[in-house]
Amino acid sequence: MRLPAILDLGAATPLWTEICAQRGQPLQLDASGVERLGGICLQVLLSAHAQWRADGMEFSVINASSAFSEALGLMAASELGPVEASL
C-alpha cells in the first residue's frame, strides 16, 4: 500500500479506512512519496502496527522518504521498527 504525500489531519480517516480494509493479511506500507507526516497519522500508523502485531501478522514500512524518516525520529516513533530509507 502506497502512503499519500501529505499525512495530516485530513488524511487520517481515509488512511485508517484503507489500512483496516487490509486487516488479516500482511501489510507493507510504501512511504517513498511521503512529504509530511503529522501526529494524527502517526497515531494511525502506530495503532495499526500494534493491531497487526496482536494479530500475529507482518507490518512493515518500506522505501521511507527522508521526510518520513525525519518525522519518525522527531516524534520518537521507533515502535514502527526499522525503516528502510529510499536512495
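In the predicted model, the residues Gln43, Arg53 and Ala54 are exposed on the other side of helix H2, opposite a set of buried residues that comprises Cys41, Leu42, Val44, Leu45, Ala48, His49 and Trp52. Viewed along the axis of H2, these buried residues are confined to an arc of 155°, and they therefore line one face of the helix. The cover over the buried residues of H2 includes contributions from helix H1 (9–20) and helix H3 (66–74), together with strand S1 (6–7), strand S2 (27–30), strand S3 (36–37) and strand S4 (59–62).

The length of H2 was also examined. For the 17 residues of this helix (residues 39–55), a rise of 1.5 Å a residue leads to an expected span of 24 Å, and because the C-alpha atoms at its ends lie 24 Å apart, the expectation and the model agree. Just after H2, glycine 56 adopts a positive phi of about 75°.

With regard to the protein as a whole, three helices and four strands are present, and these elements follow one another from the N terminus in the order β-α-β-β-α-β-α. Of the contacts between residues at least 6 apart in sequence, 74% join residues that are at least 24 apart. Buried residues account for 34% of the 87 residues, while the accessible surface of the protein amounts to about 4,800 Å², with 53% of this area belonging to carbon and sulfur atoms.

Definitions and conventions
Residues are numbered from 1 along each chain as its sequence is written. This is a predicted model: local features need pLDDT of at least 70, side-chain atom pairs count only at pLDDT 80 or more; totals for chains, interfaces and linings use all residues. Side-chain values use heavy atoms; hydrogens and water are left out. Helices (H or I, at least four residues) and strands (E, at least two) are DSSP runs, numbered from the N terminus. Buried means under 20% relative accessible area, exposed over 50%, partly exposed in between (1.4 Å probe, protein chains only). Contact means heavy atoms within 4.5 Å. Accessible areas come from the Shrake-Rupley method with a 1.4 Å probe; for residues, only the protein chains shown count as cover. The expected span of a helix is 1.5 Å times one less than its number of residues. The arc is that of the directions from the helix axis to the C-beta atoms.
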